[in-house]
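Visitor: I am new to this structure, and I would like to look closely at one part of it rather than hurry over the whole. Please choose a helix, take me slowly through its surroundings, and then show me how those surroundings are themselves arranged.

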Amino acid sequence: MPEITLIRHGSLPAEVTGRLVGQCEVPLSELGRREATAIGRYLAPRRFDRIYTGTLRRVRETHELASRVAPQLAACTEDPRLNEFHFGDWGLHTPAEIEARYPGEFGQWKFGNFSFAPPGGESMAQFAERTRAVFAEILATGAERIAIFSHGGVIMSLLCDWVGLSRNEAFRLHVVRGGVAELTDAGELRQIRALLYPLTFYSE
């Protein structure tokens, strides 16, 4: 029965609030660094057979800081397919700015047009294909205890797949920055065992 722990990177600086970050390189905020350390404290008693991370800075920083207090997390496999949705030219812009520059296009993405891709970015169909592919490969390793450091869009989409919801429902399974989702697979019964925020328990 595999157990999968999905870890969302920590919080980001206030200046990117309300902006589509996607694959733009943004560091963790001070709160994000504290969240990453709390993740490490939460995971410290555990042992994992395999650990994976995306390649963007905020995820790598979260993994590094967590590993300082949970050294067993350090050895990992990086895979760019675990990176966030690629917004292309929309990156680091607000929805209002996007609407002003590309009238009507943000609505196509927001309301689930899977074939639509932002200029210079990827479509939801492409995003679904790469994230499902990497997750399937990870599960196919046969590892029983797996940790994956990634992004909100990736994690919430995989949670939808896990319980059989449409990916358009992803934000109904919201995982906050610095949050953790724990999954189990008992064959006929797949469960989301927990959604939690480690900084609540490890605030020092």
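Guide: Before we speak of helices packing, it helps to know that an axis here is a line fitted to C-alpha atoms, for a helix over the stretch in contact, and that the angle between two such axes is taken between their N-to-C directions and runs from 0 to 180 degrees. It should also be said at once that this is a predicted model.

The part I suggest is helix α6, which takes in residues 152-163. Its length can be checked by simple reasoning: at 1.5 Å a residue, its 12 residues should span 16 Å, and because its end C-alpha atoms lie 17 Å apart, the model agrees with that expectation. Just after α6 comes G164, which takes a positive phi of about 80°.

Is α6 covered or uncovered by its surroundings? It is mostly covered, since 10 of its 12 residues are buried, where buried means under 20% relative accessible area. Among these buried residues are G152, G153, V154, I155 and M156 towards the start of the list, and L158, L159, C160 and W162 further on. The elements that cover them include the strands β1 (3-8), β4 (145-150), β5 (180-185) and β6 (190-196), together with the helix α5 (124-140).

Let us take that helix from the cover and see how it meets α6. The axes of α5 and α6 are 11 Å apart, and the two helices pack at an angle of about 70°, which is why they count as roughly perpendicular to each other, the range for that word being 65 to 115 degrees. On the side of α5 the meeting residues are F127, T131, R132, F135 and L139, and on the side of α6 they are G153, V154, S157, L158, D161 and W162.

W162 also leads us towards the strands, for it is one of the residues touched by T184, whose place is in strand β5. T184 is buried, with a relative accessible area of 3%, and, leaving out residues up to four places away in sequence, its contacts also include P2 and E3, as well as L189, R190, Q191 and R193.

The strands that help to cover α6 belong to an open sheet of 6 strands, whose order is β3-β2-β4-β1-β5-β6 and whose pairing is mixed. Its edge strands are β3 (77-78) and β6, each of which pairs on one side only. At the β3 side, strand β2 (residues 50-53) runs parallel to β3 and is joined to it by 2 bridges, with T77 of β3 serving as the bridge partner of Y52. Helix α1 (residues 30-43) packs on this sheet, where it touches β1, β4, β5 and β6, and its direction makes about 165° with that of β1. The helix we have already met, α5, packs on the sheet as well, touching β1, β2, β4 and β6, and its direction makes about 155° with that of β4.

Strand β4 deserves a pause: 5 of its 6 residues are buried, so this strand is largely enclosed by the rest of the structure. It runs parallel to β1, to which 6 bridges join it, and within this pairing S150 of β4 is the bridge partner of R8. Strand β2 runs parallel to β4 too, with 4 bridges joining them, and here the bridge partner of R50 is I146 in β4.

To finish, we may follow α1, the helix just placed on the sheet, to a further neighbour. Helix α2 (residues 57-69) packs with α1 at an angle of about 45°, their axes being 7 Å apart, and the two are therefore oblique to each other. Their crossing is right-handed. The residues of α1 that make this contact are R33, A36, T37, I39, G40 and R41, while those of α2 are T62, L65, A66, R68 and V69. Another residue of α1 is R34, which is partly exposed, with a relative accessible area of 40%. The C-alpha atoms of R34 and Y202 are separated by 9.2 Å, although their positions lie 168 residues apart along the chain as a separation in sequence.

Conventions:
Residues numbered from 1 in each chain as written. Predicted model: local features only at pLDDT ≥ 70, side-chain atom pairs only at ≥ 80, totals over all residues. Heavy atoms only, no water. Expected span 1.5 Å × (residues − 1). Buried < 20%, exposed > 50% of the residue type's maximum accessible area, 1.4 Å probe, protein only. Contact = heavy atoms within 4.5 Å. Pairing = 2+ DSSP bridges. Parallel < 35°, antiparallel > 145°, perpendicular 65-115°, else oblique. Left-handed = near helix turned anticlockwise from the far one by under 90°.
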